[in-house]
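Trainee: I would like a close look at one part of this model. Please take me through the metal site and what lies around it.

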Amino acid sequence: MKNLLIIILFVFNITKIEAQIPSQEFDKVKMEYKGTKAVQAKLLMRHVEMWGKISEKEAKLDAAYLDLLISSIGITKEQIQKYLSFKNITNNEIGGDINSPISSVTAGGKKVFAKYFVIHDVSTPALEHNFPQDINEESWSFNNLDRWNKKVTHVYLARTGKSKTVADFSEGLRATKFELKKLGIPSRGLYIHIELIQPRVYPPGNAGNAPVAPKPGFTEAQYERLALLYICSSFRKGEWLVPAFHANIDQGLNDSHDDPQNFETQKFTDKVMQVLLDIKKY
Ligand SMILES: [Zn+2]
């Protein structure tokens with residue numbers, strides 16, 4: 001019996017060690033999370049369950065995407081510009097001009113460019129009982145980007161795939177508890193933030209914390225534009241950023257958020273590979 005208890009305690013302890021909390025894995029000298037980019041992405045893209053619960057030990061990420069993370073960008077400025085002009089996409093839709101560098105911080109006395117691409121959902125409006133039929137259409141008023149102006153993110157991305165920049169990627173912003181309460185001003189510029197439009201429903205919960213997200217959580221058009229934003233911000237850095245979910249960044253901190261809900265990492269990484277191939281055709 002005593003041996004069994006020791007075994008149970010041993011197993012429990014191992015479980016505790018494996019369940020890492022990102023804020024505890026952050027190196028303030030290097031201004032980054034511990035480990036390779038692949039290790040960091042697997043930590044920061046763990047699936048976010050309802051109420052912000054995270055039980056996945058590490059995110060299951062596509063092998064080809066993990067290889068990409070440590071590869072060179074592999075596309076030219078001219079190719080991106082031709083792609084954007086062919087698709088009629090303006091700088092205001094992609095976080096600003098790809099010719100200017102992204103935001104930066106100081107780490108170990110040196111200037112380093114943003115390292116993380118943080119994916120959020122706006123978790124609003126909170127609706128009672130069910131979603132309107134047209135949440136993915138132009139007709140749903142929350143897809144009208146004119147109403148999204150608060151500078152708490154770099155870019156807002158509607159369910160129609162349309163996007164709007166409220167802060168250029170060159171501008172440092174802090175949008176998570178971890179940046180605002182733990183790292184403070186020195187972290188301004190380390191994280192690029194994207195808010196995806198996603199409504200919520202209650203009950204359970206109430207109008208103040210409506211936890212139920214649509215399924216699927218986001219549209220194909222949102223994943224495609226998100227992939228382009230990821231490519232453009234990474235191009236401006238000169239290497240691939242590490243993607244992250246807001247809920248993972250703030251895991252374990254008081255009043256942490258539950259976003260994004262119902263995000264499908266495979267859809268995102270597939271779109272990154274696809275858009276990259278499309279750009280290479282130009
Ligand atoms: Zn968020």
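Mentor: What follows starts at the metal and works outward through the sheet, the cores and one loop. Keep in mind that this is a predicted model.

Start with the zinc ion. Its protein donors are ND1 of His 120, ND1 of His 246 and OD of Asp 259. They lie 2.0 to 2.2 Å from the ion. Along the chain, the donor residues follow the spacing H-x125-H-x12-D. His 120 belongs to strand β5, and His 246 to helix α7 (residues 246–249), so this pair ties together parts that are 126 residues apart in sequence. Now the exposure of the two histidines. The cut-off for buried is under 20% relative accessible area. His 120 has 2% relative accessibility, so it counts as buried. His 246 has 3%, so it counts as buried too.

Next, the sheet that holds β5. It is an open sheet of five strands, in the order β8-β7-β9-β5-β11, with mixed pairing. β8 (163–165) and β11 (242–245) are the edge strands, each pairing on one side only. On average, neighbouring strands are turned by 25° against each other, direction ignored. Helix α2 (residues 37–44) packs on this sheet. The helix touches β5 (116–121) and β11, and its direction makes about 15° with that of β11. Elsewhere in the sheet, β7 (residues 155–157) pairs with β9 (residues 191–196) in the parallel sense, over three bridges. There, Leu 157 stands opposite Leu 196 of β9.

Now the packing. The largest nonpolar core has 65 residues. Phe 117 and Tyr 191 have the most contacts inside it. Helix α6 (residues 220–237) gives the most to this core: nine residues. Beyond its neighbours within four places in sequence, Phe 117 contacts a list of residues including Ile 192, Ile 194, Leu 226, Leu 229, Tyr 230, Val 242, Ala 244 and Phe 268. Another core lies apart from the largest one. It has 10 residues, among them Val 122, Ile 135, Leu 145 and Tyr 156.

Last, a loop. Ile 73 sits between α3 (63–69) and α4 (77–86). Its relative accessible area is 9%, so Ile 73 is buried. Leaving out residues up to four places away in sequence, Ile 73 touches Ser 234, Phe 235, Gly 238, Glu 239, Trp 240 and Leu 276. Take Phe 235 from that list: it is 162 residues from Ile 73 along the chain, yet their C-alpha atoms are separated by 6.5 Å.

Methods: Residues are numbered from 1 along each chain as its sequence is written. This is a predicted model: local features need pLDDT of at least 70, side-chain atom pairs count only at pLDDT 80 or more; totals for chains, interfaces and linings use all residues. Side-chain values use heavy atoms; hydrogens and water are left out. Two strands pair if DSSP finds at least two bridges between them. Helices (H or I, at least four residues) and strands (E, at least two) are DSSP runs, numbered from the N terminus. Axes are lines fitted to C-alpha atoms, for helices over the stretch in contact, and angles run from 0 to 180 degrees between N-to-C directions. Contact means heavy atoms within 4.5 Å. Donors are N, O and S atoms within 2.8 Å of the metal (3.2 Å for Na, K and Ca); water is not among the atoms, so sites may look incomplete. Buried means under 20% relative accessible area, exposed over 50%, partly exposed in between (1.4 Å probe, protein chains only). A nonpolar core is a set of buried Ala, Val, Leu, Ile, Met, Phe, Trp, Tyr and Cys residues joined through side-chain atoms within 4.5 Å.
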